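Look over the sequence and the model before reading on. This report goes from the ends of single side chains to the layout of the whole chain.

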Amino acid sequence: MNYIHLTGRLGADPEIIPYKKQNISSGKDRRERFLAKFDIAVDPPWRPGQDTDPKPDWIPIVAFDGPAARFAEKALRKGDAVCLTGRLQTDTWETEDGGKQKSLAVTVIEIEKSSPSKSSEDAASRVLEEA
């Protein structure tokens, strides 16, 4: 089963990237869509006797068009604490010199703020009403 649950903080505001998805049967473009990309810092587990200030792991996150992407666009900002569930996704491509490259990211299924402020709760409720 490919399922992951993370809690962490955004390192920067989400990057919003527009794209168009083609309708395969007609070849016509559908409405403009977007994805939200951001990284979250996740603290590693701490054990007695280890460094008292462990370095966080930075996890790349992608939210494709839909409620999660709209929530990220409207309600998430640098430093926000979030809880999310998703799945690991690998992307493989060939470089110009013929080498193979691979990246790993978490594709969001659900996301929420861990400790929302009043203004972000209002923004989140507007996003959910639009969905």
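## Buried, exposed and in between

Buried means under 20% relative accessible area. Exposed means over 50%, and partly exposed lies in between. Lys113 has a relative accessible area of 13%, so Lys113 is buried. Keep in mind that this is a predicted model.

Two other residues show the rest of the scale. Met1 has a relative accessible area of 98%, so Met1 is exposed. Leu104 has 47% relative accessibility, so Leu104 counts as partly exposed. Over the protein chain, buried residues make up 31% of the 131 residues.

## The chain in outline

The protein chain has two helices and six strands. Follow the sequence and the pattern reads β-β-β-β-α-β-β-α.

How much of the contact network joins residues at least 24 apart? Take the contacts between residues at least 6 apart in sequence. Of these, 61% join residues at least 24 apart. The surface can be counted too. The protein chain exposes about 9,100 Å², and carbon and sulfur atoms supply 50% of that area.

## How the strands pair

Start with strand 5 (81-94) and strand 6 (100-113). They pair in the antiparallel sense, over 13 bridges. They also form a hairpin, with five residues between the two strands. Gly98 sits in the turn and has a positive phi of about 90 degrees. Within this pairing, Glu94 stands opposite Lys100 in strand 6. Leu88 stands opposite Val106, also in strand 6.

Strand 5 has another partner. Strand 1 (4-10) pairs with strand 5 in the antiparallel sense over six bridges. Here Ile4 has Gly86 in strand 5 as its bridge partner. Strand 6 also pairs with strand 4 (57-63). Strand 4 and strand 6 run parallel and are joined by two bridges. In that pairing, Ile61 has Val106 of strand 6 as its bridge partner. Val106 therefore appears in two pairings, as it stands opposite Leu88 and is the bridge partner of Ile61.

## The nonpolar core

Which residues touch the most other members of the largest nonpolar core? They are Phe38, Ile40, Ile61, Leu76, Leu84 and Ile111, out of 20 residues in this core. Many elements contribute. Strand 1, strand 3 (29-42), strand 4, helix 1 (67-75), strand 5 and strand 6 each supply at least two residues.

Look at Phe38 in detail. Leave aside its neighbours within four places in sequence. Phe38 is then in contact with Leu10, Pro14, Ile59, Pro60, Ile61, Ala72, Leu76 and Ile111.

## Two salt bridges

The structure holds two salt bridges. One joins the side chains of Arg33 and Asp65, at 3.8 Å from N to O. Arg33 lies in strand 3, and Asp65 lies in the loop between strand 4 and helix 1. The pair is 32 residues apart in sequence, so the salt bridge ties together separate parts of the chain. Are these two residues buried or exposed? Both Arg33 and Asp65 are buried.

The other salt bridge joins Asp80 and Lys113, with the closest N and O atoms 3.1 Å apart. This pair links distant parts of the chain, 33 residues apart. Asp80 is in the loop between helix 1 and strand 5, while Lys113 is in strand 6. Asp80 has a relative accessible area of 18%, which is under 20%, so Asp80 is buried. Lys113, at 13%, is buried as well.

## Out at the surface

Which residues make a nonpolar surface patch of about 460 Å²? Met1, Tyr3 and Ile109 do. Met1 is in the segment before strand 1. Recall that Met1 is exposed, with a relative accessible area of 98%.

Leu104 belongs to strand 6. Apart from its neighbours within four places in sequence, Leu104 is in contact with Pro60, Leu88, Gln89 and Thr90. Thr92 and Leu104 are 12 residues apart in sequence. In space, they are 9.0 Å apart, C-alpha to C-alpha.

Key. Residues numbered from 1 in each chain as written. Predicted model: local features only at pLDDT ≥ 70, side-chain atom pairs only at ≥ 80, totals over all residues. Heavy atoms only, no water. Patch = residues over 30% accessible without salt bridge, like charges linked within 9 Å, V, L, I, M, F, W, Y side chains within 5 Å. Areas by Shrake-Rupley, 256 points an atom, 1.4 Å probe, with all protein chains shown as cover. Salt bridge = Lys/Arg side-chain N within 4 Å of Asp/Glu carboxyl O. Helix = DSSP H or I, 4+ residues; strand = E, 2+ residues; numbered from the N terminus. Buried < 20%, exposed > 50% of the residue type's maximum accessible area, 1.4 Å probe, protein only. Core = buried A, V, L, I, M, F, W, Y, C linked by side-chain atoms within 4.5 Å. Contact = heavy atoms within 4.5 Å.
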